[in-house]
Amino acid sequence: MACRMLFAAELVDYSGHISARIPGTERFLIHGHPVSRAEVTADDIVTVDREGKLVEGKWNPPSELPMHIRTYLARDDVQSVAHLHNRMVVVLSMADRPLIPASNPGALFGPGPIPVYPDPALIHTNEQGDAVARRLGAGDAAILRGHGSIVVGNSIEWTFAACIDLEEAATRLYYASLLGPVRFYSEDELNRVAKGRRRMPVIQKIWDHNVAKTKLAGLLERV
Ligand SMILES: [Zn+2]
């Protein structure tokens, strides 16, 4: 569902992925490499181990799997990782514009700027995956310059909601920048807004809204 919902939200295209840790293990669930993100079913999910080897499932995992696995291994708190090819985040990175909160969706990510991993090459090796995880640090998101982003959370719902907020923050910042200098949030504003958005009912509301939106688009029928 999360995969199809990311497609419906235009945050992944023919590429990009969302994965989940099997709780308490070093095994991970992700959809198969060749499957269209618009029609992933439960049958298309594969299980991989900490080396990225296929444990169960009928497809090869995505080629950028090391980004997911090395992030899980670096962060015990992370239960779900998304890698997006999200347009407006990429647009800002192309212009070297820092993504700093100036609207409520951006407040989820702290004072910013959201860290940028500078190399646009696809993440195919453990060394590259480690470098992305280092750039992410203890944060919720990092931008991959010219390429996309990585977003993490303590559940699939949390990660999904953060994906929505990240792209919305970038989109609003882009439009505001066209009008002139942008007024960024003060530390006090940031703290008060972030507190309200980090509650599970808000995350669940974002999830439920996107379930409805994806159903309306006819993209959740074969779950
Ligand atoms: Zn990618």
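**Notebook: zinc site, cores, helix 5, cysteines**

I began with the zinc ion, whose site is irregular, with angles of 95 to 136° among its four donor atoms. The model is predicted, and I read every value below as computed from it.

Entry 1, the metal. I listed the donors: E64 through OE, and H83, H85 and H147 each through NE2. The distances to the zinc ion run from 2.0 to 2.2 Å. I then asked why the geometry is called irregular. Four donors count as tetrahedral if all angles lie between 85 and 135 degrees, and here the range reaches 136°, so that label is not met. Along the chain the donors follow the spacing E-x18-H-x1-H-x61-H. I also looked up burial for two of these donors, and both H83 and H85 are buried.

Entry 2, the cores. I found that the largest nonpolar core has 37 residues. L6, L84, L99 and L166 have the most contacts inside this core. At least two residues each come from helix 1 (2-8), strand 5 (80-84), helix 3 (87-94), strand 7 (141-144), helix 5 (156-179) and helix 7 (200-216). Helix 5 gives the most, nine residues. Another core, of 19 residues, lies apart from it and includes Y72, Y117, I123 and A131. I followed up L166: not counting residues up to four places away in sequence, L166 touches N86, V89, L99, F109, I114, A141, S149 and V151.

Entry 3, helix 5. I checked its length against expectation. The 24 residues at 1.5 Å a residue should span 34 Å, and the end C-alpha atoms are 36 Å apart, which agrees. After helix 5 comes G180, with a positive phi near 140°.

Entry 4, H31. I located H31 in strand 2, residues 28-31. Is H31 buried or exposed? H31 has a relative accessible area of 1%, so H31 is buried, the cut-off being under 20%. Leaving aside neighbours within four places in sequence, I noted contacts of H31 with C3, G16, H17, I18, R37, V40, D44, I45 and P62.

Entry 5, cysteines. C3, one of the contacts of H31, led me to search the whole structure for disulfides, and the search finds zero. C3 is in no disulfide, and its nearest cysteine sulfur is that of C163, 11 Å away. From the side of C163, the closest cysteine sulfur is in C3, and 11 Å is too far for a bond because a disulfide needs the sulfur atoms within 2.5 Å. Both residues turned out to be buried: C3 has a relative accessible area of 7%, and C163 has 0%.

Definitions and conventions: Residues numbered from 1 in each chain as written. Predicted model: local features only at pLDDT ≥ 70, side-chain atom pairs only at ≥ 80, totals over all residues. Heavy atoms only, no water. Core = buried A, V, L, I, M, F, W, Y, C linked by side-chain atoms within 4.5 Å. Buried < 20%, exposed > 50% of the residue type's maximum accessible area, 1.4 Å probe, protein only. Contact = heavy atoms within 4.5 Å. Donors = N, O, S within 2.8 Å, 3.2 Å for Na, K, Ca; no water. Tetrahedral: all angles 85-135°; square planar, octahedral: opposite > 155°, others 65-115°. Expected span 1.5 Å × (residues − 1).
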